[in-house]
Amino acid sequence: MGKYFGTDGFRGEANKVLTVEHAYKAGRFLGWYYGRENGHKCRVVIGKDTRRSSYMFEYSLVAGLTASGADAYLLHVTTTPSVSYVVRTEDFDCGIMISASHNPFYDNGIKVLNGRGEKLEEEVTNQIEAYIDGETEEIPFAVREEIGRAADYSQGRNRYIGYLISLATRSFKNKRVGLDCANGSAFAIAKNVFDALGAKTYVINNEPDGTNINRDCGSTHIEVLQKFVLENGLDVGFAYDGDADRCIAVDENGRVVDGDLILYICGLYMKERGMLDTNTVVTTVMSNIGLYKAFDIAGIHYEKTNVGDRFVYENMSNNGHRLGGEQSGHIIFSKYASTGDGILTSLKIMEVMLEKKESLGKLTAPVEIYPQLLRNVRVKDKAAARADEDVKRAVEKVEKALGGNGRILLRESGTEPVIRVMVEAKTDELCEQYVSEVIGVIKAKGHEE
C-alpha cells in the first residue's frame, strides 16, 4: 500500500482526506501518462456512485484529464463492474470509478482500472502519489487543439446492462426476487436486468439523495433485506453495496448467504458441469473454516490470499482459476469479469437455483458455518501493534486453545488505522472470550488510538 492508494483505491472523507486537488492531480497524471505511454490521445471512461461529492470529484478529474490532453467519457451514475466492462471491451486506456464502496456518504474514493479493466498496477499508483506530493517534474498543459474534451457515454452503461442480460441461461419468470440497492449505483441497473429476465422484482433502498447511500441498507445492513424477504414471501433476495461490486444474498427462510456460501454453491455447480478449470476456488484468509471443510468433502481444492479482491483476482489470473472471492461478497467469475460484480453474482446464483431446481436454502445446507466474531481496534500504529511480543503471545495462546476446531486471525485494515481481530470457534461464547482476550492485551499495551 502507498501513502494514498490502499487495497481499493484512494479513499477517505471528501475534502478532508481526499480533496478536489487530489482528484485534479490524479486526472492530470493519468491523462499525461497514458497519452505518453500509448502514443495517442488518451481515452478515459469515468463512472460514479450516488454520493453528493461524486459530482465534485467527477468534474475535478475531468478538468485534470482534459488539461493533460485526454478525452473523458462519462458513464454518470453506474457500478464499478460496469466501468471495468466498458474499459476492457471498448478500447479505453483506463477507467476511473468515483466511489467509497460500502463507506458512509461523506467518504469517497478514486478507483483506477487499467486497460484490461483490472485494478491499477501498484507501480503506476506510486507514480500518481509522487506527482500529487510534488516529487516529480510538473506535467505540461495541453494547448490549442491538443486540449481534451468530455462527452456523455451513457451508452456504455446500457451495453453493460445488455451484457448482463445475455448471460442468463433461463428465464426468471415467476421467481419473486428482492433487491436492496443500498441507495447506490445498483439503483440504475439491477431492477432493469431482473425485470428484463422476467422476475417479479421487489426493490428497496433505490431512491438515492446523495447522503443516504449505505445508510441502514445494502450488504452491510443485511437485516433489512432479511426482514423484507420474509414479510413478502420472496424466493430470494440480493443486497449490494454502494458501487455494486459485492453481493450478499438472503434465502427463502431469511438466512444470510454470504460470500463463503456463494463460493460453495457456485463452485460445486461449476465442478459438476466441468466449468471449474483447475478444480480450485480462490478465497481469502477471512473465509470460514466451515467452507474449507465443505470443499474437502466435495473434492474441491482452494487457495488463500490476503484480504482484498485485487489479491484474489491476481491469484486467479496467474493460475487460470475460474472462481474466487471474499466472505464480504466480492465474487469474481473470471470468464465474465475482471473484478467483483454484485449483479453478475446474483445472476449466477439464480442460474444455480434454476438449473438445479433447488431453493437457495437447500443449496447451502451442506455447509456448517462456524461461529465467527470480528472486532476492530483503532490503533496508533498498526505495524507496532501486530509486532508487539505480548500481543503475539496472546494470539499463540488462543491458537493453542483452539487446536483444529477454529482459528484466530489478526490483520491490518487496508484503508483505516485499524487492527481487525477475528476468531472462529465452536461456540459464540468462545469467540467472544478469545477476541476479548487479545483486544485486552492490545489496549493494555497502549496501542489503542
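**Entry 1: the five-stranded sheet**

I began with a sheet of five strands. It is open, its order is 9-8-10-11-12, and its pairing is mixed. Strand 9 (200-204) and strand 12 (256-257) stand at the edges. Each has a single partner strand, so one side of each is left without a neighbour in the sheet. I kept in mind that this is a predicted model.

Next I looked up one pair inside this sheet. Strand 8, residues 176-180, and strand 10, residues 236-240, run parallel. Four bridges join them. Which residue of strand 10 is the bridge partner of V177? I found V236 there.

Then I asked what packs on this sheet. Helix 7, residues 223-231, does so. I noted that helix 7 touches strand 8, strand 9, strand 10, strand 11 (247-250) and strand 12. The direction of helix 7 makes about 155° with that of strand 10.

**Entry 2: the four-stranded sheet**

I turned to another open sheet. This one has four strands in the order 14-13-15-16, and the pairing is mixed. Its edge strands are strand 14 (301-305) and strand 16 (331-333). Each of these pairs on one side only. From one strand to the next, the twist averages 20°.

I checked how strand 15 meets strand 16. They pair in the antiparallel sense, over three bridges. Which residue in strand 16 stands opposite L323? It is F333.

**Entry 3: the nonpolar cores**

L323 came up again when I looked at the cores. The largest nonpolar core has 66 residues. V45, F194, F238, Y240 and L323 touch the most other members. Which element gives this core its largest share? Helix 8 does, with nine residues.

I listed what L323 touches, leaving out residues up to four places away in sequence. The list includes L263, C266, M270, V282, M316 and I331. F333 is on it as well, and F333 is the residue that L323 stands opposite in strand 16.

There is another core, apart from the largest one. That core has 32 residues, among them F5, F10, V62 and V124. I added one general remark to my page: in soluble globular proteins, nonpolar side chains tend to be buried together.

**Entry 4: cysteines**

I looked for disulfides. How many are there? The count comes to zero. C217 is in no disulfide, and the nearest cysteine sulfur, that of C181, is 9.5 Å away. A disulfide needs the two sulfur atoms within 2.5 Å. Is C217 buried or exposed? C217 is buried, with a relative accessible area of 0%.

I did the same for C247. C247 is in no disulfide either, and its nearest cysteine sulfur belongs to C266, 9.6 Å away. C247 is buried too, at a relative accessible area of 0%.

**Entry 5: salt bridges**

I counted these next. The structure holds 27 salt bridges. I wrote down a few of them.

E13 pairs with K16, and their closest N and O atoms are 3.9 Å apart. That falls inside the cut-off, because a salt bridge needs such atoms within 4 Å. E13 is partly exposed, with a relative accessible area of 28%. K16 is exposed, at 63%.

E121 and R116 meet in a salt bridge at 3.3 Å, N to O. E121 is partly exposed, with a relative accessible area of 29%.

R322 and D277 meet in a salt bridge at 3.1 Å, N to O. Where do these two lie? R322 lies in the loop between helix 10 (309-319) and strand 15 (323-325). D277 lies in the loop between helix 8 (259-272) and strand 13 (280-284). The pair therefore ties together parts that are 45 residues apart in sequence. R322 is partly exposed, at 27% relative accessible area. D277 is partly exposed, at 33%.

I also found a network. Salt bridges link D388, D390, R393 and K445.

**Entry 6: S53**

My last stop was S53. It is placed in helix 2, residues 52-67. S53 is buried, with a relative accessible area of 10%. What does S53 touch, not counting residues up to four places away in sequence? I noted A14, D107 and N108.

Then I compared S53 with G178. They are 125 residues apart in sequence. In space they are 29 Å apart, C-alpha to C-alpha.

Methods: Residues are numbered from 1 along each chain as its sequence is written. This is a predicted model: local features need pLDDT of at least 70, side-chain atom pairs count only at pLDDT 80 or more; totals for chains, interfaces and linings use all residues. Side-chain values use heavy atoms; hydrogens and water are left out. Buried means under 20% relative accessible area, exposed over 50%, partly exposed in between (1.4 Å probe, protein chains only). A salt bridge is a side-chain nitrogen of Lys or Arg within 4 Å of a carboxyl oxygen of Asp or Glu. Two strands pair if DSSP finds at least two bridges between them. Contact means heavy atoms within 4.5 Å. Axes are lines fitted to C-alpha atoms, for helices over the stretch in contact, and angles run from 0 to 180 degrees between N-to-C directions. A nonpolar core is a set of buried Ala, Val, Leu, Ile, Met, Phe, Trp, Tyr and Cys residues joined through side-chain atoms within 4.5 Å.
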